[in-house]
Structure formats: C-alpha cells, structure tokens
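Please take a moment to look over the sequence and the 3D structure before reading on, and keep both in view as you go.

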Amino acid sequence: MNSTPTAPAAPLTPGLSAAKDTPSRTPLRTSTHTGTPANIDAASAGPTAPPLFEAIDVSRRFGGVIALDAVSITIRSGEIYGLIGPNGAGKTTLFDVLTGVQRADHGSCRLAGRELPRGRPDHVLAAGIARTFQNIRLFGELDARENVLIGLHRQTHASMLAQLLRTRAVTRRESAARARAQTLLDYVGLAHLADRVANSLSYGDRRRLEIARALASGPCLLALDEPAAGMNATETRALAELIRRIRDDGTTVLLIEHDMRLVMSLCDRIAVLDSGRKIAEGNPDEVRTNEAVIEAYLGRRHAH
Ligand SMILES: Nc1ncnc2c1ncn2[C@@H]1O[C@H](COP(=O)(O)OP(=O)(O)OP(=O)(O)O)[C@@H](O)[C@H]1O
Ligand SMILES: [Mg+2]
C-alpha cells in the first residue's frame, strides 16, 4: 500500500491504489474546464457530439520542407481521436502548432469555438489543452510527485510576499496540491513511486508520469504524442485502459501512435497524415481499408 502521509483527496478503492498496473478505479474528474462533461457516456461521444477542437487549414513549412499542408481536423467532445501516418508525416508538428509551441504559417486552431493564441503554449494550456512529448520531458532529478506538482503550479501560484509570510492560505493550497498530485499519481498507477526521482523510473513509468503531469492542469483536451513508444505489451495494455478511463472521466483525447493495434482498438476516429497532407479520415474500419492509407504505409515499407 501507499505509505505516503498525504492522503489523496478523493476516496480510494482499498487494495488498488498502490498496484502498478491496476491503478485506482475511483473516477477522477480529469477535466476542470467548464463546458466539458465530467463523465461522458458512450452516446455523447458519437457523431452528434459538439466539436471541441478544430484545426482549420493549418500549414507549416521548415525551409523547403512542407511539414503541414492545409490540414483541417475536427475533434468532438468525448472522442479518442487518432492521428497516424508514416515517419515525418507532420504529426508532431501539428501537435506543436495546436499547443502553441510553434506558429502556423497559415490557418488557425479553435477550442470550443474560440480561436487559440498562436505561439503561446502557456495560454493554450490555460485554455484547456495539455500534452505529452514524443521525447519525454520530465525533470529527471525531481521525484515523481514534484514533477506532477509542477503541472499543478497554476493552482499553487501565490505572490512572493504571501509565500515568504507562509500565510495559512499558501500552506493550505500547498497541501491541497500535494494531495492532488498523489491522487493523479494513483490514477496513472504510480502512487507507490511518488518519492522516486524521475530518472530512476522505467521508460513506461516515465510516460505515465508525463500523463499525470499533463492531467494536473485539468485539460479538456489531452494530446498524447506516442505514449506507447518503448512500452512492452503488458504496459501497452494498461496504457490503453488508462487512456479509455481518461476519456470516460471527462477529457477528450488526441492520440499520435505508431502501434496500430492500439490505435485501431482505442480510437473513435482517425486522421491519416502523409507528407504534411491529410490523406484520410474516418473510423478504424474506414481507415484500415482506405487505398491511400495502405499505399502510404506499404509504399514506404517497400521503398526500404
Ligand atoms: N524544427 C524543425 N526544423 C526543420 N524541419 C523540421 C522541424 N520539425 C519537423 N521538421 C520536419 O517536418 C517534417 C514533419 O516532422 P514531424 O516531426 O512533424 O513528423 P512526425 O509525423 O511526427 O514523424 P515521426 O512519426 O517520425 O515522429 C519532417 O520532414 C521533419 O524533418
Ligand atoms: Mg513525431
């Protein structure tokens, strides 16, 4: 069991909280953004669900390379939306643009109908989009809890004077943040590793930790860039379960992944990029049998 003194804020299912691959079944309201249902039933994730995120005609060029060529996608509230394509197709670039890490040369992105600020990752995060990175970005020398606390910093933010005086409000907020961090670690199955420095965790656990940190901001859209990379089959199965639970608990998911079995079993809809262009979009069956998609993957494979 978890020996950490800071008890999670939400009640936990005894016996499950510390097990690595059986994280807490306690529903966590993953999204704190109003307008997003906390618990989405299967029916509301269907084709009639309202659009949550829209990328409209997004283009991005790096010198002579057209990384994105007028790409448009619409993600509905409550979906798990997949973004696939061969290496260099433009998937991460689209993530970078929609999270404000990079500016589009052309086009725009909207969340719940409101245009997102360009080139302002902090504003995009505050608006409700959080992400993980293809190349894991954690503070390796800090422990797992501290990494999640960094994701919570917006809630613990206090003036320098208040911090120096250690007002009761600051202390209260700090302990609430620690409890929330512990709950998030429990949610992703890492409660028992809260005190371990990030660098000492397995690759799969670091990927889960990145998800916990991203969830700390209470996003309405969680963008995951190859979360299963480097995971073994057991870890990947547990990850699939976690992603489904995140969606069921109120956060829409955008997923880049090369593991086709995972993508096809998890996603409600999928967009396929190839050389910066969207070549297909549809449900898993439609995408799997699409000629252009088969050509993009097989053509590439045959070229090697
Ligand atoms: N900062 C950059 N400077 C120059 N070229 C870049 C930059 N970022 C991406 N590119 C190029 O843009 C194209 C799209 O890259 P991107 O990383 O978005 O692909 P991807 O679909 O995520 O590929 P992978 O599956 O390998 O991660 C590639 O040709 C890549 O070399
Ligand atoms: Mg990429």
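The paragraphs below go from the whole chain to its ligand, then to two helices and a few single residues.

This is a predicted model, and a careful reader begins with how confident the prediction is. The mean pLDDT of the protein chain is 84, and 80% of its residues reach 70 or more. Over residues 1-23, however, the pLDDT is below 50, although the model gives this stretch 49 contacts beyond near neighbours in sequence. Residues 35-43 likewise have a pLDDT under 50, and here the model has 19 contacts beyond four places in sequence.

Taken as a whole, the protein chain contains 11 helices and 10 strands, and 43% of its 304 residues count as buried. If one considers the contacts in the chain with a separation of 6 or more, 67% of them are between residues 24 or more positions apart.

Which residues surround ligand 1? Among them are Phe 62, Val 65 and Ala 67, a run from Asn 87 through Gly 88, Ala 89, Gly 90, Lys 91 and Thr 92 to Thr 93, and also Gly 85 and Gln 134. Strand S2 (65-76) and helix H1 (91-98) each supply at least two residues of this shell, and the largest share, 3 residues, comes from H1. Sorted by class, the shell has 4 nonpolar, 7 polar and 1 charged residues.

Helix H8, which covers residues 233-248, has 16 residues and reaches 23 Å from its first C-alpha to its last, close to the 22 Å expected at 1.5 Å a residue. Its buried residues are Glu 235, Leu 239, Ile 243, Ile 246 and Arg 247. Seen down the axis of H8, these buried residues fall within an arc of 110°, so they line one face of the helix. The spacing can be understood from a general rule: an α-helix has 3.6 residues a turn, so residues three or four places apart point the same way. On the other side of H8, Ala 233 and Thr 234 are exposed. What covers the buried residues of H8 includes strands S3 (80-84), S7 (221-225) and S8 (252-256), together with helices H7 (203-215) and H9 (260-266). After H8 comes Gly 250, whose phi is positive, near 120°.

Helix H3, at residues 144-151, is mostly covered, with 6 of its 8 residues buried. The buried residues of H3 are Ala 144, Arg 145, Asn 147, Val 148, Leu 149 and Gly 151.

Three single residues deserve a separate look. Pro 50 lies in the segment before strand S1 (51-62), and it is exposed because 11 other C-beta atoms lie within 10 Å, where 12 or fewer is the cut-off for that class. Leaving aside neighbours within four places in sequence, Pro 50 is in contact with Arg 76 and Ser 77; the C-alpha atoms of Pro 50 and Ser 77 are separated by 5.9 Å, even though these residues are 27 residues apart along the chain.

Is Ala 112, in the loop between strand S4 (106-111) and strand S5 (114-115), buried, exposed or partly exposed? With 18 other C-beta atoms within 10 Å, Ala 112 is partly exposed, and its phi is near 50°, a positive value in a residue other than glycine. Glu 226, placed in the loop between S7 and H8, also has a positive phi, of about 55°, although it is not a glycine. Glu 226 is buried because 20 other C-beta atoms lie within 10 Å, and a residue is buried at 20 or more.

Notes
Residues are numbered from 1 along each chain as its sequence is written. Chains are lettered from A and ligands numbered from 1 in the order in which they are written. This is a predicted model: local features need pLDDT of at least 70, side-chain atom pairs count only at pLDDT 80 or more; totals for chains, interfaces and linings use all residues. A residue is near a molecule or strand if its C-beta atom, placed from the backbone, lies within 6 Å of it. Helices (H or I, at least four residues) and strands (E, at least two) are DSSP runs, numbered from the N terminus. Ala, Val, Leu, Ile, Met, Phe, Trp, Tyr, Cys and Pro count as nonpolar, Asp, Glu, Lys and Arg as charged, and the others, Gly among them, as polar. The expected span of a helix is 1.5 Å times one less than its number of residues. The arc is that of the directions from the helix axis to the C-beta atoms. Two residues are in contact if their C-beta atoms, placed from the backbone, lie within 7 Å. pLDDT is the predictor's confidence in each residue, from 0 to 100.
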